[in-house]
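Trainee: I'd like a close look at one part of this protein's surface, the nonpolar patch. Could you walk me through it and show me how it fits into the rest of the chain?

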Amino acid sequence: MTDFQKEIISIARLMARTLCFVILSMTLCLLGGLFMPNSVIDNKDIFPIIGPSFQTIIGGFIGLLAGVNLAKEKINGNS
């Protein structure tokens, strides 16, 4: 395995770890907002804020992982 391929794998692992951390954090925030009493946090305020950012982060990471996969296939000559 070349140094370039090792670097691509390390970047993909870092992205996967970051994505897992972000998804876990946002899920905990959603659950916290769901089970808090409405006098503390109103669900009407939490979900419109967190929902779009959740979708944006997941969409961005999926696009990035797809780009890395396409670059890997092009490097290996499977295009």
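**The patch and its surroundings**

Mentor: Sure, let's start with the whole chain and work inwards. The protein chain is built with two helices and zero strands. Keep in mind that this is a predicted model.

Now for the overall form. The C-alpha trace spans about 60 × 20 × 10 Å along its principal axes. The radius of gyration tells a similar story: the protein chain has 18 Å, while a compact globule of 79 residues would have one near 12 Å. As for the inside, 11% of the 79 residues count as buried. On the outside, the protein chain exposes about 6000 Å², and carbon and sulfur atoms supply 69% of that area.

That brings us to your patch. Which residues make the nonpolar surface patch of about 620 Å²? They are Leu 24, Leu 28, Leu 31, Leu 34, Phe 35 and Phe 47. Helix α1, which covers residues 3-35, gives the most to the patch, with five residues.

Let's zoom in on one of them, Phe 35. This residue lies in helix α1, and residue 35 is also where that helix ends. Is Phe 35 buried or exposed? Its relative accessibility is 66%, so Phe 35 counts as exposed, because the cut-off for exposed is over 50%.

Next, let's see which parts of the chain come together in space, with helix α2 as our guide. Helix α2 takes in residues 43-76, and Lys 72 has its place there. Follow the chain from Lys 72 to Gln 5 and you cover 67 residues, yet their C-alpha atoms are separated by 8.0 Å. Asn 69 is in helix α2 too. Its partner for our purposes is Ala 12: the two are 57 residues apart in sequence, but 9.2 Å apart in space, C-alpha to C-alpha.

How open are these two helix α2 residues? Lys 72 has 42% relative accessibility, so it counts as partly exposed. Asn 69 is partly exposed as well, with a relative accessible area of 39%. Both values fall between the 20% and 50% cut-offs, which means "partly exposed" is the right label.

Finally, a word on charge, to set beside the nonpolar patch. The protein chain carries 6 positive and 5 negative side chains. The centres of those two sets lie 9 Å apart.

Definitions and conventions. Residues are numbered from 1 along each chain as its sequence is written. This is a predicted model: local features need pLDDT of at least 70, side-chain atom pairs count only at pLDDT 80 or more; totals for chains, interfaces and linings use all residues. Side-chain values use heavy atoms; hydrogens and water are left out. Helices (H or I, at least four residues) and strands (E, at least two) are DSSP runs, numbered from the N terminus. The radius of gyration is taken over C-alpha atoms; the globule rule is 2.2 Å times the number of residues to the power 0.38. Buried means under 20% relative accessible area, exposed over 50%, partly exposed in between (1.4 Å probe, protein chains only). Accessible areas come from the Shrake-Rupley method with a 1.4 Å probe; for residues, only the protein chains shown count as cover. Lys and Arg count as positive and Asp and Glu as negative; His and the chain ends are not counted. The place of a charge is taken as NZ of Lys, CZ of Arg, CG of Asp or CD of Glu. Patches are made of residues with over 30% relative accessible area and no salt bridge: like charges are joined within 9 Å, nonpolar side chains (Val, Leu, Ile, Met, Phe, Trp, Tyr) within 5 Å. A salt bridge is a side-chain nitrogen of Lys or Arg within 4 Å of a carboxyl oxygen of Asp or Glu.
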